[in-house]
Amino acid sequence: YICYSKIMTDAKYIAVLDVGSSSARVHIYNEEATIILIKSAKVTALHPEPLQTEYDPEDLWKVCKGILEEAFAEVAPSRIRGLGITVMRNSVTAWERDSGKPLMPIISWQDRRAGKDCAIWNRSLRMRAFRAACWALYKLTGRAKFLAASVLQFKIGMPVIQLVKLFAENPALLERARRGEICVGCNESWLLWRLTEGRTFATDYSCASTTGMYDPFGLEWSPIVVSALLHMPLRMLPEVWPTAGQFGHTDLFPGGPVDITSISGDQSAATFGELCHQPDQVKVTLGTGTFLDWNTGKEPYASMKGLYPVIGWVIDGDQSGPTYMIEGSHADTGNTLDWGCAMGFYPSVSEAESAALTVADSGGVFFVPCFTWSAVPVFDPAACAGFLGVNLGTSREHMARALLEAVIFQTKAIAEAFRLETGKKPAVLRCNGGVSASDFIMQGIADLLDCDVVRGSNREATSLGCAFLTAIAAGLWSQAEIGQRFDSIERRFQPRPEAAQRLARDYEKWKVAVQRCYSWY
């Protein structure tokens, strides 16, 4: 839609290309950080085999180019101060450096084809020797980077393990990579390459830091992991640039060039959009998956509990350096509720809460949401999803409630891992994502985590955060101005001690159910 009354000829706008797992959207923001134009299109996921999820690179590019063309036909490129790109992280592909021809599908972060390879590598003698060497280096030097590396595990959602599998099956492609003939990158690098017609092969710190190949302590692609451990060439990987900065420009659209002034991973953008700019501020995104991100300030955190140290953002010209986060995640949240609708437990996802509230509790039924894999509290690529505790008295409404409570319990599991790791719990949890529209889930999280849960009035936190970063690099707003002007809260949920007691008892039972679903495949 478009609101013509808000478009003025002398105004400057920010454009955001937001690429998710099921759709791509272009949002145009005005100087008040209000969306005045939305263009969207479906992104088609392919499932050539069970447990596989991939995308056609050319199809993704055509979808993104198409909605940008539609947006710029209504808001001319000459009125766009900057274009930002934010993407679902870690969906990886490869293409020829000279021709730009894709050499493989985009393998999604949700793909499980490398599950066995992941388990084999994590148990391998080479990996155990690597961890032992890093532990010895940590004891010798006291450096946190070696402590983090001493517990390194590859996970299915990381591009690194997909590339290990790809190159093992296709040695000729690995040789081409060593000769510098191919580019390997995630969605942001592929789209940037196409937008700049091959002039820019880059990513940003936030996207690079979650690939399993980047050293967030040394701020470089890790020669120890990529070259020494895995024997892959560093030259195949993109340059890493500041999140808010200059990434070149695109000339593809009539009306003038558009500067590309930010690239960000979706969770970093959402954290920035939720204004979690200071240490110990925390957000949770409840979308396709659950992602809890804790701002740790200017130092990377060496986790020993499976939480991942990532770079939140780097702002070009900010001499204080990167802002770091630790992240805990789970892959199956919104897709779990979608599945419940498809199975007939409720007519639509928006009506799931009404169905759940028709019963006082789940009737002893628990759901384990591991369609993709288990991440926290235990990483297990062989875990399965399932109901436990079903009996002859179980109704669809009990199962609906169990599905919604599983989202609450999984969020608690991630927050509990943070508490065990850091000794802290969030004072306030800022929530966003489509699933956060459920008051039932928001209140349950507040009760079980014993903290205030804040839901912002702008549910598009990822896009908004990307817009903020884009505007900073384009000189439209400053970070301080953003924090002062654009904090908008729709509702605050406060914990209820009486409800927390029942949820706490059920959470302990749910953890037992999760354990029953480990090592299924």
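Before I describe the first sheet, let me say that two strands are taken to pair if DSSP finds at least two bridges between them, and let me also say that what we have in front of us is a predicted model.

With that in mind, look at the open sheet of six strands, whose order is β3-β2-β1-β5-β14-β13 and whose pairing is mixed. The strands at the edges are β3, residues 35-42, and β13, residues 249-250, and since each of them has a single partner strand, one side of each is left without a neighbour in the sheet. If we stay with β13 for a moment, we find that two bridges join it to β14, residues 258-265, and that these two strands run antiparallel. Within that pairing, Thr250 is the residue that stands opposite Val258 in β14. Helix α15, residues 461-474, packs on this sheet and touches β1, β2, β5 and β14, while its direction makes about 130° with that of β14.

Let me turn to a second pairing of strands, this time between β16, residues 290-297, and β18, which pair in the antiparallel sense over seven bridges. One of the places to find on your screen is Gly297, whose bridge partner in β18 is Tyr324. How enclosed is strand β18, residues 323-330, by the rest of the structure? Seven of its eight residues are buried, so the strand is largely enclosed.

Next come two helices, α2 with residues 115-123 and α5 with residues 159-169, which pack at an angle of about 100° with their axes 10 Å apart. Angles of 65 to 115 degrees count as roughly perpendicular, and therefore α2 is described as roughly perpendicular to α5. On the α2 side the residues are Asp117, Cys118 and Trp121, and they meet Ile161, Val164 and Lys165 in α5. Sorted by class, this contact has four nonpolar residues, two charged ones and no polar ones.

Now for the aromatic rings, of which a search of the whole structure finds 26 pairs. A pair of this kind is described by the distance of the centres and the angle of the planes. Trp241 and Phe247 form a tilted pair, at 5.6 Å centre to centre and with 40° between the planes. Are these two residues buried or exposed? Trp241 is partly exposed, with a relative accessible area of 24%, whereas Phe247 counts as buried at 0%. Phe468 and Trp477 have ring centres 5.9 Å apart and planes at 70°, and because planes over 60 degrees apart count as edge-to-face, that is the name given to this pair. Here both Phe468 and Trp477 are buried. Ring pairs also link Trp339, Phe345, Phe367, Phe371 and Phe387 into a cluster.

I will finish with two residues picked out by their backbone angles. Leu275 has a phi near 65°, which is a positive value in a residue other than glycine, and its place is in the loop between α10, residues 266-273, and β15, residues 282-286. With a relative accessible area of 11%, Leu275 is buried. Ser519, which is also a residue other than glycine, has a positive phi near 55°, and we find Ser519 in the segment after α17, residues 497-516. At 59% relative accessibility, Ser519 counts as exposed, whereas Leu275, as I said, is buried.

Definitions and conventions
Residues numbered from 1 in each chain as written. Predicted model: local features only at pLDDT ≥ 70, side-chain atom pairs only at ≥ 80, totals over all residues. Heavy atoms only, no water. Helix = DSSP H or I, 4+ residues; strand = E, 2+ residues; numbered from the N terminus. Contact = heavy atoms within 4.5 Å. Axes fitted to C-alpha atoms, helices over the stretch in contact; angles between N-to-C directions. Parallel < 35°, antiparallel > 145°, perpendicular 65-115°, else oblique. Nonpolar A, V, L, I, M, F, W, Y, C, P; charged D, E, K, R; others polar. Phe/Tyr/Trp six-rings, centres within 6.5 Å; stacked < 30°, edge-to-face > 60°. Buried < 20%, exposed > 50% of the residue type's maximum accessible area, 1.4 Å probe, protein only.
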